[in-house]
Structures are given as C-alpha cells and as structure tokens.
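Visitor: I am new to this structure and would like a close look at a single part of it. Please take me through that part slowly.

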Amino acid sequence: MSVVALVPAAGRGERLGYGMPKALVPVNGVPLLTRAVRGLFESGHVQHVVIAAPPSDVDQVHTATASLAPAGGAVHVLSGGAQRSDSVRLALEHALRVIPDTSIVLVHDAARAFTPPEVIAGVVAAVRDGFDAVVPVLPVADTIKQVDEAGVVVSTPDRAGLRVVQTPQGFRAETLKAAYSSGIAATDDAGLVEKNGVAVHTVPGHPHAMKITTPFDLAVAAALFSGGQR
C-alpha cells in the first residue's frame, strides 16, 4: 500500500516579491519545492509525490523535482487550480486514479520546505496506527486575543489548549476523498475533514517546519539553514 504526498504549489507567491511561483523561490540556491519534496522522500515512508504546479510552469517544476524520487518512487506533476483547495482536489484525484493502492495521503506545503523527515514519519506512523486524520502541531507561545470588528478585545483564550498547526497533514485516503466530496469549505485539509465529522489527532511538530511566506521568513530560513541542510 502506497503513501502519497500531495503538494499544492500553484500559488504565485507575490508576497515574496521574486516574480516567480513561490514554490520555486530559492533558499541558499535551492528551490523551496525541491527541499520540500526531498524531505518527503527522506522520511522513508513516501513512495509518490504529486505536485500541483502553476499551469505555465509544469515543465520547470518537473525539471526541478523529477530526479528526487528514490528507486521505486515517482514524482508526478500536473497543472494546479485557481485556489489551494482546487489544487489539492486535482492532485488527490490524480493519485487515486494513477496510484490505485494509495492508502495514506499527506498534504504538504512547499512553503514548509524544512520540515524534518522525522515529523513526516511521525504523521504517517499515526495514520498507520489507526487515526483517520493527523496533524503536526506546536504549542502556542504568544498570548492570543479575540477581537471584534472594531478591534476591541472580547476574550483571551487559554493558550494551554491552543496549538499551531503545521504540515504535512495526514489522512486515510478514503477520509480525505470523502471530505473533498462533501462540498464543505475550510481553510485547510484537517479543518475540512473535521467539519465532515472526523476526529483529528495531533503529533509533535517542529520549529523548522516554519512556513515561508514573506521576505523576512525567507531571510530567516537562509540564515538558519546556511550550513547546507536540505
């Protein structure tokens, strides 16, 4: 049975200011997408990676990632959709059609290019242990305030029960397929599954799984990983 990772990477990434798809923006000379795909395979648990790329950059994405698959593995590149959820849906449909023994599906952000392989392995292990949906998380370090439309604080949630969610998010293939067939909308895949009535389990995340979305994030990553890590 195959573990397949879906990487929605069709976003243009205007906030990074590079004039190219965010997934292809380099950190110390290596594109974010290349690092993310490499980490998925280095976990030792992923056999296939399906990338939903910008339609105009499918060939470039294929060139950047095709050689990363180990023996017996494969990278699949297809045109993504207008929204992230569209790209995940297209990648999931491709996986279930082309890789019929898909049993576990991961959804991973290319912007979390430095996610340690052990985090990926932990997500897969938890799904194999019987959980339908699994997300890596970190405790919330900051105080969180809920505000109204005027910006006035209305409550201060107890951060002891709050978590920051990272990727990859892992699912039984049928669980994610059912969620995407439900017509429900959510901001992430775990939220979609949760709204569809499925309990979402958590495993420890890692600070290195930071999401790179701004020039500041890019500079931090370049400084942290200047020693050649992935």
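Is phenylalanine 114 buried or exposed, and what is its relative accessible area?

Guide: This is a predicted model, in which local features need pLDDT of at least 70, side-chain atom pairs count only at pLDDT 80 or more, and totals for chains, interfaces and linings use all residues. Residues are numbered from 1 along each chain as its sequence is written, and side-chain values use heavy atoms, with hydrogens and water left out.

Phenylalanine 114 is buried, with a relative accessible area of 3%, where buried means under 20% relative accessible area, exposed over 50%, and partly exposed in between, using a 1.4 Å probe and protein chains only. Its surroundings lead to a ring partner, for a search of the whole structure finds one aromatic pair. The ring centres of phenylalanine 114 and phenylalanine 225 are 3.9 Å apart and the ring planes lie at 0°, so this pair is stacked; rings of Phe, Tyr and Trp (its six-membered ring) pair if their centres lie within 6.5 Å, and planes under 30 degrees apart count as stacked, over 60 as edge-to-face and the rest as tilted.

Phenylalanine 225, at 4% relative accessibility, also counts as buried. Because phenylalanine 114 sits in the loop between β6 (102–107) and α4 (117–128), while phenylalanine 225 belongs to the segment after α7 (215–224), the pair ties together parts that are 111 residues apart in sequence. The helices (H or I, at least four residues) and strands (E, at least two) named here are DSSP runs, numbered from the N terminus.
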